[in-house]
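Reader: I am new to this structure, and I would like to go through the terms used for it one by one. Please show it to me before we begin.

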Amino acid sequence: MQKLKKRWGIDSNFQIVIIFIVFAITGSSSVYIAKPFLVLIGIERTNFSDAFWGGFIYWTLRIAVIFPLYQILLVIYGWLFGQFKFFWNFEKKMLSRLGLAFLFK
């Protein structure tokens with residue numbers, strides 16, 4: 001636990017618990033919200049072929065929708081739980097590793 005606190009630059013075990021809760025809520029809610037959004041824009045599993053490539057395309061599109069939704073929700077939930085600074089820095093680091101650092105300049 002000490003290594004994690006040092007790596008993340010946080011002080012208390014309570015902060016770690018809050019951060020884990022935010023990650024859990026964000027992951028669950030981004031997947032939950034993605035389904036009705038996909039239906040709204042007309043992307044449903046039944047619209048794709050039963051073959052392998054149909055499932056592959058569907059899941060690729062689903063993940064492409066969930067990813068940005070997750071990023072947005074992570075910062076929002078982090079703010080709601082009082083950990084905005086941690087999650088904002090976390091987002092900047094993650095997106096810069098994906099080659100999207102230009103978004104923050």
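Reader: What makes the reach of helix α2 close to the one expected?

Author: This is a predicted model, in which local features need pLDDT of at least 70 and side-chain atom pairs count only at pLDDT 80 or more, while totals for chains, interfaces and linings use all residues. Residues are numbered from 1 along each chain as its sequence is written, and side-chain values use heavy atoms, with hydrogens and water left out. Helix α2 (residues 13-40) has 28 residues and reaches 41 Å from its first C-alpha to its last, against an expected 40 Å, the expected span being 1.5 Å times one less than the number of residues. Just after α2, Gly42 takes a positive phi of about 90°.

Reader: Why does Phe84 count as partly exposed?

Author: Phe84, which lies in helix α4, has 35% relative accessibility and therefore counts as partly exposed, since buried means under 20% relative accessible area, exposed over 50%, and partly exposed in between (1.4 Å probe, protein chains only).

Reader: Which elements give two or more residues to the nonpolar patch on the surface?

Author: The patch, which includes Val17, Ile72, Trp79 and Phe84, has about 910 Å² of accessible area together. The elements giving two or more residues are α2, α3 (52-80) and α4 (84-97), and α3 gives the most, with four.

Reader: How far from Lys5 is the nearest side chain of opposite charge?

Author: Lys5, in helix α1 (residues 2-8), is buried yet has no salt bridge, with Asp11 as that nearest side chain at 7.8 Å; a salt bridge needs a side-chain nitrogen of Lys or Arg within 4 Å of a carboxyl oxygen of Asp or Glu.

Definitions and conventions: Patches are made of residues with over 30% relative accessible area and no salt bridge: like charges are joined within 9 Å, nonpolar side chains (Val, Leu, Ile, Met, Phe, Trp, Tyr) within 5 Å. Accessible areas come from the Shrake-Rupley method with a 1.4 Å probe; for residues, only the protein chains shown count as cover. Lys and Arg count as positive and Asp and Glu as negative; His and the chain ends are not counted.
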